[in-house]
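Biologist: I am new to this one. Could you walk me through it, with reasons for each label?

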Amino acid sequence: MTGGCRGHLPAVLTLRATPADPAPADHGEGPTWDAARSELLWVDISAGQFRRATLDGDTLTDAGSLRAGDTVGAVVPAAAGGWLTAAGGGFTHVAADGTARVLLVLAGEGGGEVDGGTRMNDAKCDRAGRFYAGTMAFDERPGAGALYRLDTDGTVTTVREDLTVSNGLGWSPDDRTVYLADSGPGLVHAFDHDPGSGAWSNGRVLLETGGADGVADGLTVDDEGCLWTAMWGGGQVRRWSPEGELLAVVEVPVANTSSCAFAGPDRGLLVVSTAHGDADEDGAGRLFTVRPGVTGPPANPYRGPLAALRQ
């Protein structure tokens with residue numbers, strides 16, 4: 001598939017993912033390759049846990065789980081030790097011994113499902129180690145979501161407001177473009193990205209998704225600059241050129257594909273997370289894998305402090 005982002009393909013390539021060994025989650029999300037520990041991380045949102053797995057060849061083996069809160073939307077390694085999670089209505093650090101410590105609850109976020117509250121959803125670090133984390137309302141009401149940036153000095157800035165389901169994030173290989181999925185309206189936005197300051201500008205809609213093919217959920221960007229979007233409700237992951245041309249489809253035998261990431265020492269194994277839905281599907285909540293012939297980035301760690309965060 002090398003070079004597929006740079007030229008027109010005569011037909012859309014179709015691949016098929018196979019189930020991995022770890023036990024299913026209820027709402028699996030956010031697979032992340034932690035290169036420093038040589039393990040895969042992912043979260044079970046409704047269980048409030050993040051999970052770990054080792055990788056031998058293409059075989060993932062469950063390595064346990066740690067609790068981060070009532071809900072947890074994402075996890076990344078922390079350069080200062082342990083893991084940083086987007087959990088509940090803010091940020092929680094989980095130490096190597098499993099101790100979870102709430103660092104900050106974001107103003108206007110949190111609460112429960114019954115009282116119209118919000119929760120943290122997808123999140124990711126840029127190359128500078130800044131942590132971008134989105135929110136959504138439990139009832140998915142339009143405009144209740146936002147995107148925040150936790151900088152390496154411990155300050156929090158609101159990057160985007162009036163989102164519905166702030167979701168997948170990814171940066172182009174040259175670090176000059178950043179992508180954000182809002183799964184409420186099914187849009188994937190592209191922005192110019194300033195690597196020095198982390199500022200976003202010149203927003204535009206790259207993809208409009210929905211219908212039988214599903215809506216764009218979690219995403220990653222490969223080393224050729226193409227986007228891979230998990231299509232919630234569509235049972236697939238799609239590969240797109242930076243101009244929005246569909247290049248490849250990975251078929252997954254579960255409707256709710258939630259996110260994807262490249263894993264392994266060679267970063268060539270695409271791992272797809274899934275979640276349970278309305279139907280009782282075999283394999284729902286499992287991880288699935290495929291080798292598409294391209295590579296992608298490992299997780300960037302959060303490089304800031306693990307205390308004295310301020311909004």
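Modeller: What follows takes cysteines, charged pairs, a sheet and one loop residue in turn. Keep in mind that the model is predicted.

Biologist: How do you know that Cys125 is in no disulfide?

Modeller: A disulfide needs two cysteine sulfur atoms within 2.5 Å. The closest cysteine sulfur to that of Cys125 belongs to Cys260, and it is 18 Å away, too far for a bond. The search of the whole structure finds zero disulfides.

Biologist: What rules out a bond for Cys260?

Modeller: The closest cysteine sulfur to that of Cys260 is in Cys226, 13 Å away. The limit is 2.5 Å, so that distance is too far for a bond.

Biologist: Why is Cys125 called buried?

Modeller: Buried means under 20% relative accessible area. Cys125 has 2%, so the label applies. Cys260 has 1% and is buried as well.

Biologist: What makes Arg204 and Asp192 a salt bridge?

Modeller: The rule asks for a side-chain nitrogen of Lys or Arg within 4 Å of a carboxyl oxygen of Asp or Glu. Here the N to O distance is 3.0 Å, and the pair passes. Arg204 lies in strand β18 and Asp192 in strand β17, so the bridge ties together parts twelve residues apart in sequence.

Biologist: Why is Arg204 called partly exposed?

Modeller: Partly exposed lies between the 20% and 50% limits. Arg204 has 33%, so it fits. Asp192 has 28% and gets that label too.

Biologist: How do you know that Arg267 and Asp223 form a salt bridge?

Modeller: Their closest N and O atoms are 3.5 Å apart, and the cut-off is 4 Å. This pair links distant parts of the chain, 44 residues apart. Arg267 sits in the loop between β23 and β24, Asp223 in the loop between β19 and β20. Arg267 has a relative accessible area of 28%, so it counts as partly exposed. Asp223, at 35%, is partly exposed too.

Biologist: What makes Asp70 exposed, and what does Asp70 form with Arg67?

Modeller: Exposed means over 50%. Asp70 reaches 63%, so it is exposed. Arg67 has 44% and is therefore partly exposed. The two form a salt bridge, with the closest N and O atoms 3.6 Å apart.

Biologist: How many salt bridges does the rule give?

Modeller: The count comes to 15. Asp58, Asp266 and Arg291 are linked in a network of them.

Biologist: Why are β3 and β6 called edge strands?

Modeller: The sheet is open, has four strands in the order β3-β4-β5-β6, and pairs in the antiparallel sense. Strands β3 (28–34) and β6 (59–67) each pair on one side only. On average, neighbouring strands are turned by 25 degrees against each other, direction ignored.

Biologist: How do you know that β5 and β6 pair?

Modeller: Pairing takes at least two bridges between the strands. Strand β5 (residues 49–56) and β6 have seven, in the antiparallel sense. In this pairing, Phe50 stands opposite Leu66 in β6.

Biologist: Why is Asn256 called buried, and where is its place?

Modeller: Asn256 has a relative accessible area of 9%. That is set against the 20% limit, so Asn256 is buried. Its place is in the loop between β22 (246–251) and β23.

Biologist: What makes His276 a polar contact of Asn256?

Modeller: The distance limit is 3.5 Å. The backbone oxygen of His276 lies 3.4 Å from a polar side-chain atom of Asn256. Asn256 also touches other residues, including Trp232, Gly233 and Thr274. The C-alpha atoms of Asn256 and Thr274 are 5.5 Å apart, while the residues are 18 places apart along the chain.

Technical notes
Residues are numbered from 1 along each chain as its sequence is written. This is a predicted model: local features need pLDDT of at least 70, side-chain atom pairs count only at pLDDT 80 or more; totals for chains, interfaces and linings use all residues. Side-chain values use heavy atoms; hydrogens and water are left out. Buried means under 20% relative accessible area, exposed over 50%, partly exposed in between (1.4 Å probe, protein chains only). Helices (H or I, at least four residues) and strands (E, at least two) are DSSP runs, numbered from the N terminus. Axes are lines fitted to C-alpha atoms, for helices over the stretch in contact, and angles run from 0 to 180 degrees between N-to-C directions. Contact means heavy atoms within 4.5 Å. A polar contact is a pair of N or O atoms within 3.5 Å; within protein, one must be able to donate a hydrogen and the other to accept it, and residues adjacent in sequence count only if both atoms are side-chain atoms. Lists of a residue's contacts leave out its neighbours within four places in sequence.
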